[in-house]
Amino acid sequence: MKENRHPNYLCVHSGQLKDEVYGGATAPIYTSTAYDYRGEGTNLYPRYFNTPNQVALGKKMAALEHTEAGMIFGSGMAAISAVFMAFLKTGDHVIMQRAIYGGTAHFAAAEFENVGIQYTLIEQVDQESLQASLKPNTKMVYMETPSNPLLEVTDMELVSAFAKANSLTSAIDNTFASPINQTPADFGIDIVIHSATKYLGGHSDICAGTVSCSQEHMDRLWKTAKNYGGSLSDQTVWLLERSIKTLALRVKRQSKNAKKLAVFLDQHPDIKKVNYPGLKSHPQHELAKKQMNAYGGMMSFELKQYINRTKFLEELEVIMPALSLAGVESTILAPSTTSHSLLTAEERKEQGISDGLLRFSVGIEEPEVLIADLETAIGKSRKKN
Ligand code: PLP
């Protein structure tokens with residue numbers, strides 16, 4: 001059969017463990033932590049990332065991300081930290097985009113100094129700032145696009161060309177886009193990471209992470225990852241594989257909904273600003289159009305000052321204020337009091353995170369229901385009322 005690379009097909013059929021005994025439609029779960037080591041086979045052990053369910057899901061992630069290999073971790077941070085520790089050593093330097101997930105930024109701030117790794121955060125990922133941050137000991141460039149919570153879009157082709165020209169490893173956190181909307185390996189990025197807790201899991205009930213890359217990079221990563229021990233239980237691996245079967249459908253619907261909601265909010269008189277790559281007003285809209293298949297289910301927007309943010313969040317009945325994102329249900333959060341609350345007000349201002357900014361993860365509900373929920377909550381929280 002001709003190779004089928006359609007995301008719907010890959011979500012359902014790639015990396016599928018077959019039920020050879022009963023011919024069931026779903027994959028069996030192999031929960032053993034002890035395997036008979038006699039014979040020719042490899043030593044199977046969950047922390048070696050090589051049990052049947054882990055290997056099968058790794059193949060699905062490789063297929064979805066257009067890479068040779070994939071590996072499954074116990075969380076997004078387990079994947080991210082393993083990548084840093086595998087590809088950087090004492091004395092190395094990494095260039096990182098400033099607008100990255102807070103936990104990743106915190107990992108760099110809390111851990112790199114202890115092991116003698118240097119890092120530079122860059123505001124704008126362009127040729128000049130990349131070049132200006134390059135040092136003789138630079139080994140990696142790390143980014144996230146679209147970024148959290150301002151949905152800034154980074155030029156992946158530019159980053160990968162810069163990395164190749166300077167023999168650096170390029171790594172990207174592709175969580176916000178998901179492999180349905182963006183496949184960074186097609187733009188030459190070496191290592192693609194996900195917090196599978198988000199779109200890949202998609203039902204707000206799994207904490208996991210993934211890495212997709214070439215077999216050569218994977219061999220290097222595996223050597224370190226097995227020492228840090230951040231593997232995922234096979235029961236949850238199985239659940240994640242089951243969830244990914246509907247990933248393309250979910251993300252397609254979420255992206256479609258988000259576009260409608262972004263347009264609604266953009267035209268709303270009580271909304272100051274909407275950050276969504278699918279809007280023509282977004283500063284990197286053309287770039288997003290070039291490198292994304294659709295613009296995703298994530299956006300952020302700013303309420304005008306006369307809207308009471310606390311009351312607005314209280315008045316929402318369908319959209320749930322919650323810390324995580326990308327589930328089938330719509331969720332929202334105020335970065336200034338949650339993800340970015342540890343920054344000073346001054347630092348938040350510098351990063352463009354106002355008190356009225358809200359990060360909105362659009363679910364699969366009917367868009368009309370979400371629009372009505374927002375409209376009612378806005379109406380009830382005008383301070384001038
Ligand atoms: N990357 C991004 C973009 C995230 O939003 C998160 C978590 O919110 C992570 C990584 C970390 O993932 P996890 O919480 O699964 O460790």
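Which residues does Leu265 touch, not counting those up to four places away in sequence? Keep that in mind as you open the model, which is a predicted one.

**Stop 1: Leu265 and its core**

Select Leu265. Leaving out residues up to four places away in sequence, Leu265 touches Ile271, Val274, Met299, Phe301, Phe360 and Leu374. Now widen the selection. The largest nonpolar core has 32 residues. Leu265 is one of those with the most contacts inside this core, together with Val274, Met299, Phe301, Phe312, Phe360 and Leu374. Several elements give two or more residues each: helix 10, strand 8 (271–275), helix 11 (285–291), strand 9 (298–303), helix 12 (309–315), strand 12 (357–361) and helix 14. Helix 10 provides the largest share, 5 residues. In soluble globular proteins, nonpolar side chains tend to be buried together.

Another core lies apart from this one. It has 31 residues, including Met71, Val83, Met218 and Leu221.

**Stop 2: helix 10 against helix 14**

Select residues 247–266 for helix 10 and 367–380 for helix 14. At what angle do helix 10 and helix 14 pack? The angle is about 35 degrees, and the axes are 10 Å apart. The crossing of the two helices is right-handed. On the helix 10 side, show Arg253, Asn257, Lys260, Leu261, Phe264 and Leu265. On the helix 14 side, show Pro367, Leu370, Ile371, Leu374 and Glu375. Color the contact by residue type: 7 are nonpolar, 1 is polar and 3 are charged.

**Stop 3: the open sheet**

Move to the sheet. It is open, with 7 strands in the order 1-7-6-5-4-2-3 and mixed pairing. Which strands stand at the edges? They are strand 1 (69–73) and strand 3 (118–122). Each has a single partner strand, so one side of each has no neighbour in the sheet. From one strand to the next, the twist averages 20 degrees.

Add helix 3, residues 76–87, which packs on the sheet. Helix 3 touches strand 1, strand 2, strand 4, strand 5 (169–173), strand 6 (191–195) and strand 7 (209–213). The direction of helix 3 makes about 155 degrees with that of strand 6.

Now look at single pairings. Strand 2 (93–97) and strand 4 (138–144) run parallel, paired over 4 bridges. Pick His93 and you will find Thr138 of strand 4 opposite.

**Stop 4: strand 7**

Select strand 7. Are its residues buried or exposed? Of its 5 residues, 5 are buried. Both faces are covered. Gly209, Val211 and Cys213 are on one side, with Thr210 and Ser212 on the other.

Strand 7 pairs with strand 1 through 5 bridges, in the antiparallel sense. There, Gly70 has Ser212 as its bridge partner. Strand 6 also pairs with strand 7 in the antiparallel sense, over 4 bridges. Ile193 has Val211 as its bridge partner.

**Stop 5: unusual backbone**

Most residues other than glycine have a negative phi, and most peptide bonds are trans. The next selections depart from that.

Go to the loop between strand 4 and helix 6 (156–165), where Pro146 lies. A cis peptide bond joins Thr145 to Pro146, with omega at about -5 degrees. Pro149 sits in the loop between strand 4 and helix 6 too. A cis peptide bond joins Asn148 and Pro149, and its omega is about 5 degrees.

Next, select His66, in the loop between helix 2 (52–65) and strand 1. His66 is not a glycine, yet its phi is positive, about 60 degrees. It counts as partly exposed because its relative accessibility is 24%.

Then pick Ala326, in the loop between strand 10 (320–321) and strand 11 (331–333). Ala326 also has a positive phi without being a glycine, at about 75 degrees. With a relative accessible area of 0%, Ala326 is buried.

**Stop 6: two helix residues**

Select Ser178, in helix 7 (178–181). Is Ser178 buried or exposed? Ser178 is buried, because its relative accessibility is 0%. Beyond its neighbours within four places in sequence, Ser178 is in contact with His194, Tyr199 and Val251.

Finish at Ala345, in helix 13 (345–350). Ala345 counts as exposed, at 56% relative accessibility. Draw a distance from the C-alpha atom of Ala345 to that of Gly15: the separation is 46 Å, across 330 residues of chain.

Notes:
Residues are numbered from 1 along each chain as its sequence is written. This is a predicted model: local features need pLDDT of at least 70, side-chain atom pairs count only at pLDDT 80 or more; totals for chains, interfaces and linings use all residues. Side-chain values use heavy atoms; hydrogens and water are left out. Buried means under 20% relative accessible area, exposed over 50%, partly exposed in between (1.4 Å probe, protein chains only). Contact means heavy atoms within 4.5 Å. Axes are lines fitted to C-alpha atoms, for helices over the stretch in contact, and angles run from 0 to 180 degrees between N-to-C directions. A crossing is left-handed if the near helix is turned anticlockwise from the far one by less than a right angle, and right-handed if clockwise. Ala, Val, Leu, Ile, Met, Phe, Trp, Tyr, Cys and Pro count as nonpolar, Asp, Glu, Lys and Arg as charged, and the others, Gly among them, as polar. Two strands pair if DSSP finds at least two bridges between them. A nonpolar core is a set of buried Ala, Val, Leu, Ile, Met, Phe, Trp, Tyr and Cys residues joined through side-chain atoms within 4.5 Å.
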